[in-house]
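Biologist: Let's go through how these helices sit together. Can you show me the model?

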Amino acid sequence: MSSAGVLGLWAIFVNTRLGQAVDTLAMFGLQATSAPTQQLISVLHTAISYGGLGLILLLAVVTALLRRRPHLALRAVGAIVGANLTTQVLKTAVLPRPDLYVNWATPPSLPSGHTTAAASTAVAFIMVAPIITRAWMSLVGTVWVVFVGMTTLMSGWHRPSDVLAAVLVATAWGLLLAPNESGRVVGHGVRRKIAAAGWITLGTGATFLMLVAVLVARSAILQDFAGQIVFTSATGHPLWAVLSAVGATLAVIGVTAIAMREIDLVRSELRPPARPAAPPHAGHRGVGRSRYP
């Protein structure tokens, strides 16, 4: 599902003029309505630097080793390394970005490297966290990934589809490497709230984006797709940029919350297999004995 989601985002928001228009318009809207402060950008650069990633990876490995689960440490390392390598390969060699004359030509940017780094570290910590804290760790991971993803959008480094694809890449590696674990199940209330919030925000965000797509498509058709659709829309209809920005924000929150919950579910909700029924007592008359020799 995650792989299909990445390909779907690329097909719609990178390979169609309408998709590129809505995607870029959302980025412009976020830049215009809520530009991040220099302090936020500084925090982001520090956290997503090689040193910051190394420290986060070390903490995940130490957590797994303190729990005497070395295999979890290896899986966490594999998830982080695999997700970030996959993103770089996809962006540079597999998923090109055609110039469809929506705005200026830009190099391929899907998936987002910054968001992949954040999402893969969140997945790693959910994988190694003790079962009693895992539901809460998925909530913390959601906040962390959304913070990084939205900062890249507000800085104009990436478009919403880049961020969503990055979350799905990290999720795919998490689902691939997270081991099933039987045992008691805790945190049902937190999981239900995360799931409900995720699906509600995703549905609302998708509705906003579809509305903007209809408006942009109507405008573009009336203009016979002449000129730069995004700039024309953003200048003549600032409300469209606001709607697309709100829709993109809700979509990022919703997809991230659902993705982190899925990793948590793999790790936490596999119940022990049912015990086989006890064999009938051999001495009981008529039970446990065949009537035939």
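Modeller: Sure. In this one, α1 passes α8 in a left-handed crossing; helices here are DSSP runs of H or I with at least four residues, numbered from the N terminus. It's a predicted model, where local features need pLDDT of at least 70, side-chain atom pairs count only at pLDDT 80 or more, and totals for chains, interfaces and linings use all residues. Residues are numbered from 1 along each chain as its sequence is written, and side-chain values use heavy atoms, with hydrogens and water left out.

Biologist: What makes the crossing of α1 and α8 left-handed?

Modeller: The term applies if the near helix is turned anticlockwise from the far one by less than a right angle; clockwise is right-handed. The crossing of α7 and α8 is right-handed.

Biologist: Why are α1 and α8 called roughly antiparallel?

Modeller: Helix α1 (residues 2–13) and helix α8 (residues 160–177) pack at about 165°. Angles run from 0 to 180 degrees between N-to-C directions, with axes fitted to C-alpha atoms over the stretch in contact. Over 145 counts as roughly antiparallel, so α1 and α8 get that label.

Biologist: And what angle do α7 and α8 make?

Modeller: Helix α7 (residues 134–154) packs against α8 at about 155°, with the axes 9 Å apart. That makes α7 roughly antiparallel to α8 too.

Biologist: Which residues of α7 meet α8?

Modeller: Val145, Gly149, Thr152 and Leu153 do, meeting Pro160, Val163 and Val167 in α8. Contact means heavy atoms within 4.5 Å.

How values were computed:
Helix = DSSP H or I, 4+ residues; strand = E, 2+ residues; numbered from the N terminus. Parallel < 35°, antiparallel > 145°, perpendicular 65-115°, else oblique.
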